[in-house]
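User: I'm new to this one. Could you take a close look at a single part, the barrel, and walk me through how it is put together?

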Amino acid sequence: MTKPAKQIHLAAHFPGVNNTTVWSDPRAGSHIEFSSFTHFARTAERAKFDFLFLAEGLRLREQGGKIYDLDVVGRPDTFTVLAALAAVTEHLGLTGTINSTFNEPYEVARQFASLDHLSGGRAAWNVVTSWDAFTGENFRRGGFLPQEERYSRAREFLATANELFDSWHGDEILADQESGRFLADAKAGAFAHTGRHFDIHGRFNVPRSPQGRPVVFQAGDSDEGREFAAAEADAIFSRHGTLEAGRAFYADVKSRLAKYGRSRDQLLILPAATFALADTDAEAEELAREVRRQQVSGATALRHLEFVWNRDLSAYDPDGPLPDIDPDVGQEHISQGRAQVRMYRDPLATAREWRELAKAHAWSIRDLVIHTGNRQNFVGSPATVARTIDALVQADASDGFILVPHLTPTGLDEFADKVVPLLQERGVYRTEYTGTTLRDHLGLTHPDHLRAERVAS
């Protein structure tokens with residue numbers, strides 16, 4: 001019997017707080033004006049995407065004590081943007097990255113429950129932790145937590161938020177005008193939590209929302225992160241977008257679900273993916289090369305090299321050879337607030353490897369950064385890209401992709417107009433929304449139904 005084709009999930013990441021965006025392109029727009037968010041969201045909804053995703057930047061990143069102005073600076077408040085987008089969209093899921101290290105469960109639960117009500121059941125929460133003291137300086141807590149403490153707090157944070165969501169069952173509000181009786185249960189919203197990180201009790205003041213709880217996303221790639229996702233998340237963001245790496249990650253995470261009493265379809269795996277489209281594959285390859293050179297100017301190349309060298313390299317020629325001095329492996333780092341520095345745990349080994357690559361290919365500093373940095377996941381004509389995406393999903397390398405265009409806010413338009421129809425023709429992507437909530441779009445069971453199934457079993 002032929003295995004039925006998997007349906008592909010697609011989402012859109014509003015670019016920013018990263019170096020994917022080419023803000024210097026004449027076609028690029030604002031990253032803070034609401035018109036940019038509106039255009040992007042409406043394009044995603046026109047293409048029948050599952051959701052829009054906003055990353056979060058809690059502090060302006062610095063390099064050598066100065067704002068890293070070669071990247072997009074800042075990010076409007078996530079809840080403000082998503083609540084506004086709820087008013088100009090009807091079906092699109094609204095996913096926000098909210099930190100569990102510096103916030104409080106009551107506040108975050110109240111905001112997500114409110115967003116779920118305002119959007120008619122389209123809210124999702126990407127649960128993240130903060131890893132550096134630099135970011136912590138913006139908050140009264142200050143400092144940061146070691147990795148094991150971050151995940152311990154995150155688990156209890158999410159569990160506490162779920163207790164708040166579940167403090168309302170959904171049938172308490174009568175609003176009987178004749179009798180004057182508003183609530184069927186005078187204890188509605190009562191909660192009490194005592195744990196290692198939180199000790200709170202009171203009444204949650206937002207009634208149960210359409211989804212019961214927001215859809216939960218997680219993005220950690222460490223063993224702890226994967227375990228957290230298998231236990232708690234509805235979907236996991238992945239950086240493994242190739243066939244081999246994607247299948248390995250997919251198999252590993254899905255295999256962890258059974259120990260938590262969960263089935264494989266209760267956790268979706270969605271890698272982030274960039275793309276370059278053109279009429280032909282050759283033209284797309286040329287466009288991809290052009291975009292990478294736009295993303296990595298000479299000044300940007302030097303800044304990226306400083307992530308490894310941990311030295312001021314501004315005196316070097318980006319079109320010249322790599323520095324002959326070794327990286328500074330001191331504790332203080334020249335770059336603050338950028339997660340990339342954690343990728344290079346052995347700077348001396350990385351420097352040796354990069355020198356060998358540069359020598360073998362006659363690469364300049366800029367060439368090296370372009371070739372060792374992020375590359376577009378999907379490059380080709382619309383037909384090629386549609387075929388590639390379908391092949392990866394059917395091979396269980398992912399359940400779909402979160403697309404990150406390099407232009408804001410129009411970078412998604414061509415994909416929506418040219419690739420999506422081809423996926424629809426293949427029968428692997430929806431032609432219309434068939435549900436009203438984000439859980440419907442993602443094929444996820446409502447938490448109330450899951451609870452009822454566990455009680456019945």
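Analyst: Here is a walk around the barrel, with a stop at what packs on it.

A quick word on the source: this is a predicted model, where local features need pLDDT of at least 70, side-chain atom pairs count only at pLDDT 80 or more, and totals for chains, interfaces and linings use all residues. Residues are numbered from 1 along each chain as its sequence is written, and side-chain values use heavy atoms, with hydrogens and water left out.

The barrel is closed and has eight strands, in the order E1-E2-E5-E6-E11-E12-E13-E17, with parallel pairing. Strands here are DSSP runs of E, at least two residues, and helices are runs of H or I, at least four, numbered from the N terminus; two strands pair if DSSP finds at least two bridges between them. On average, neighbouring strands of this sheet are turned by 30° against each other, direction ignored.

Let's zoom in on E6 (residues 123-128) and E11 (residues 215-218), which pair in the parallel sense over four bridges. Val 127 sits opposite Gln 218 in E11. Helix H6 (residues 223-232) packs on the sheet there, touching E6, E11 and strand E12 (235-238), where contact means heavy atoms within 4.5 Å. The direction of H6 makes about 165° with that of E11; axes are lines fitted to C-alpha atoms, for helices over the stretch in contact, and angles run from 0 to 180 degrees between N-to-C directions. Helix H7 (residues 243-255) also packs on the sheet, touching E12 and strand E13 (268-273), and its direction makes about 150° with that of E13.

One last stop is the loop between strand E17 (400-403) and helix H13 (413-425), where you'll find Pro 409. The peptide bond from Thr 408 to Pro 409 is cis, with omega near 0°.
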